[in-house]
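Work through the exercises below with the sequence and the model side by side, and try each task before reading its solution.

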Amino acid sequence: MINLEKIKKDFPVLNQKVNGKEYVYLDNGATTQKPIQVIDAVADFYKNTNSNIHRGVHHLSNLSTKIYEDARAKVQKFINAEKESEIIFTKGTTDSINLVAFSFGEKYVSQGDEIIVSAMEHHSNLVPWQMLCERKKARLRILPFDKKGELELDKLADLINKKTKLIAVTHVSNSLGTVNPVKEIIKTAHEKNVPVLIDGAQSIQHQKIDVQDLDCDFFVFSGHKIYAETGIGVLYGKEKFLNEMPPYQGGGDMVDHVTLKKTTFLDAPFKFEAGTVNYVGAYSLGLAIDYVNAVGIENIAKHEQDLLQYATEKLLQIEGLTIYGNAKHKTATISFLLKNIHHYDTGMILDKMGIAVRTGSHCTQTVMDFFEISGTVRASFAFYNTFADVDRLAEGILKVKQMFE
Ligand code: PMP
């Protein structure tokens, strides 16, 4: 069970008034708020410990290095990766995907090859593959989705052929909330020896992730969407690929031996972590994982599903409100529009009532094109949200409607 009263106190940002009203934060899909345990520990780190990692023989450098590598071990355990060396710290989901698109692309993709993505990808999991295909004269193939917001899985097997080098698909759609059957996708792909990258930016914070059980070849996510700092992310990759893939960036800390003629590189994960990495961000991610573990990811999932059900029923009672994304399996994300009212207007008026939602295309213009709309209003929930937050949202939407009538 979730102790909401205690939890809400842990998140200072939530305990304020905005526009004179108790703040209701429903923009968790964009970024999550940070618990005081993370904020304070990071401040203490700068007060007492800060020193660059991997380079020094001195006390604080050793301590920083240990803290950084401990964070790697926490991530490994959290997603059940087989080895610590399969966890690479990056700047975030976008950075992780670009790393794979470049490095995997250099090693495995040639002219005429094919990559498959779905039509519901965030631009972060579409544009890097378009860029790779342009660079290599390869072809990007698209797995469509239907009106409910569910992938048309029956079309997948036909899309895969001998030229297919990788499938990159989101675990959860950030604009529709759909939870995709990634385990099934991975199984189908592996039957034809095609590796799969899972964009976990919108799943890691909502459900238990077990990369060995999924059997995905790559899994990527951002720290800031799971209660850690911005500027830190993770790329999980199976060792067999990481060993073969060339470095993405060159620089300090990723080299074995350097001469003016030639350089040899360290093994993964270090060969993919050039320069001074965001070791404080990694520390914060480890702390955020501790926090999530203490609450329990199963408890989080249960509470968020209860919120989703309550909010969906409540919002559907509002006449003229359409929900985009009605898949059977969803996270607590509701994209909607009010008849004849622009999404920006709805969002701006809700803000005046102290309710934060996101408006626009949510970096998924292809999804908006499919529904022939320019954008939606998106309410995305986290485990610190309450049923009272849902009530405030519903009341707010009714007021928006009244203002336009
Ligand atoms: N993929 C999905 C599904 C997302 O929701 C997001 C963030 N909205 C990203 C990728 C990109 O994440 P970041 O901006 O943290 O790199």
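**Exercise 1.** How do the residues of the shell around the ligand divide into nonpolar, polar and charged?

*Solution.* The model is predicted, so local features need pLDDT of at least 70 and side-chain atom pairs count only at pLDDT 80 or more, while totals for chains, interfaces and linings use all residues. Residues are numbered from 1 along each chain as its sequence is written, and side-chain values use heavy atoms, with hydrogens and water left out. Begin by listing the residues around the ligand (those with a heavy atom within 4 Å of it), which are Thr93, Thr94, His122, Ser124, Thr170, Asn174, Asp199, Ala201, Gln202, Ser222, His224 and Lys225. Then sort them with Ala, Val, Leu, Ile, Met, Phe, Trp, Tyr, Cys and Pro as nonpolar, Asp, Glu, Lys and Arg as charged, and the others, Gly among them, as polar. The shell divides into 1 nonpolar, 9 polar and 2 charged.

**Exercise 2.** Find polar contacts (pairs of N or O atoms within 3.5 Å; within protein, one must be able to donate a hydrogen and the other to accept it, and residues adjacent in sequence count only if both atoms are side-chain atoms) between side chains and the ligand.

*Solution.* Start with the ligand's nitrogen atoms: a polar side-chain atom of His122 lies 3.2 Å from one nitrogen atom, and a polar side-chain atom of Lys225 lies 2.8 Å from a nitrogen atom of the ligand. Next, turn to oxygen, where a side-chain N or O atom of Ser222 is 2.7 Å from an oxygen atom of the ligand.
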